[in-house]
Amino acid sequence: MIRPCLILFGPPGSGKGTQAKLLRQSLAVAHVSTGDMLRERMNSGDGLGKEVADLMQSGGLVPDEMVNLMVADRIEQPDCAGGFILDGFPRTVNQARLLSGLLEAKRIEPLVIHLKVDYNVIIARLSGRRQCPTCGALYGVSSNALKASEMTASEVCDYDGSRLVVRDDDREEVVLERLKAYERQTTPVLEYLRSAGYTCWDVEGASRPPQVIAKEIEELVRQKYGNPVGASETKKA
Ligand SMILES: [Zn+2]
């Protein structure tokens with residue numbers, strides 16, 4: 001059986017987390033987030049977990065080889081038997097090189113999904129958010145509200161009437177800087193994966209409802225790995 005392996009990329013604000021959640025359910029695959037994986041490993045207190053904990057406590061970076069070893073281990077867990085989504089890995093070209101070695105050894109062919117977004121949409125959405133400086137309540141548009149009329153948040157807090165402000169993280173120049181940093185980091189990784197011969201798809205994110213985007217990705221997964229995958233099999237039963 002061909003095990004689906006999705007490598008998911010997407011800038012901040014692209015809805016990557018939402019997609020991972022939706023696809024995990026609809027495709028019945030595991031969601032392997034490297035952040036979660038590192039935390040779980042440290043909590044497990046095994047040899048590798050202790051090494052990682054020591055490294056992080058001393059402010060050091062976890063070497064790529066070590067992360068790759070943990071990924072190798074993680075994708076052999078029972079929940080990954082029907083396929084998995086990699087989220088947050090690989091982040092660098094070196095990690096991509098290690099990962100492709102690992103996947104080749106296991107005869108797993110990944111499908112690379114890059115959630116592309118119009119930066120203007122992300123900036124408009126994030127900079128449209130307001131926060132109450134008194135109680136911290138967040139106001140703003142829902143992730144799908146893109147019309148100008150829906151962008152205007154109320155000017156005062158519903159709870160205490162304080163005048164709402166734009167959070168520092170949501171300021172246009174901060175958002176733009178994060179997006180540029182993402183692009184600098186991700187572009188060479190995607191180029192590496194493409195040149196390694198993996199199927200890479202750009203999927204337009206953020207400006208469409210999450211369910212529509214998820215359906216499109218599911219279709220790409222079925223094209224690549226064949227039908228039925230995971231959940232669709234159980235639905236028929
Ligand atoms: Zn308030």
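Donors are the N, O and S atoms within 2.8 Å of a metal such as the zinc ion shown here, and the model in which they appear is a predicted one.

**View 1. The zinc ion and its protein donors.** The zinc ion is held in the model between Cys132 (SG), Cys135 (SG), Cys157 (SG) and Asp160, whose OD atoms are listed twice among the donors, and these atoms lie 2.3 to 2.6 Å from the ion. Along the chain, the donors follow the spacing C-x2-C-x21-C-x2-D. Distant parts of the chain are linked by the pair Cys135 and Asp160, 25 residues apart, with Cys135 in the loop between β5 (130–131) and β6 (138–139) and Asp160 in the loop between α7 (148–151) and α8. Because partly exposed covers the range between 20% and 50% relative accessible area, Cys135 at 42% belongs to it, and so does Asp160 at 35%.

**View 2. Helix α8 and its bend.** The 24 residues of helix α8 (residues 172–195) should span 34 Å at 1.5 Å a residue, which agrees with the 34 Å between its end C-alpha atoms. The helix α8 nevertheless bends by about 30° at Thr186, and Pro188 follows within four residues. Thr186 is also one of the buried residues of α8, which include Val175, Leu179 and Tyr182, and what covers these buried residues includes β1 (5–9) and α5 (93–105).

**View 3. The largest nonpolar core.** This core has 49 residues, and those with the most contacts inside it are Val71, Phe84 and Ile217. Its largest share, six residues, comes from helix α9 (residues 210–225). Apart from this core lies another, of seven residues, among them Val117, Ile122, Val175 and Ala206.

Conventions: Residues are numbered from 1 along each chain as its sequence is written. This is a predicted model: local features need pLDDT of at least 70, side-chain atom pairs count only at pLDDT 80 or more; totals for chains, interfaces and linings use all residues. Side-chain values use heavy atoms; hydrogens and water are left out. A nonpolar core is a set of buried Ala, Val, Leu, Ile, Met, Phe, Trp, Tyr and Cys residues joined through side-chain atoms within 4.5 Å. Buried means under 20% relative accessible area, exposed over 50%, partly exposed in between (1.4 Å probe, protein chains only). Helices (H or I, at least four residues) and strands (E, at least two) are DSSP runs, numbered from the N terminus. The expected span of a helix is 1.5 Å times one less than its number of residues. The bend at a residue is the angle between axes fitted to the seven residues ending there and the seven starting there. Contact means heavy atoms within 4.5 Å. Donors are N, O and S atoms within 2.8 Å of the metal (3.2 Å for Na, K and Ca); water is not among the atoms, so sites may look incomplete.
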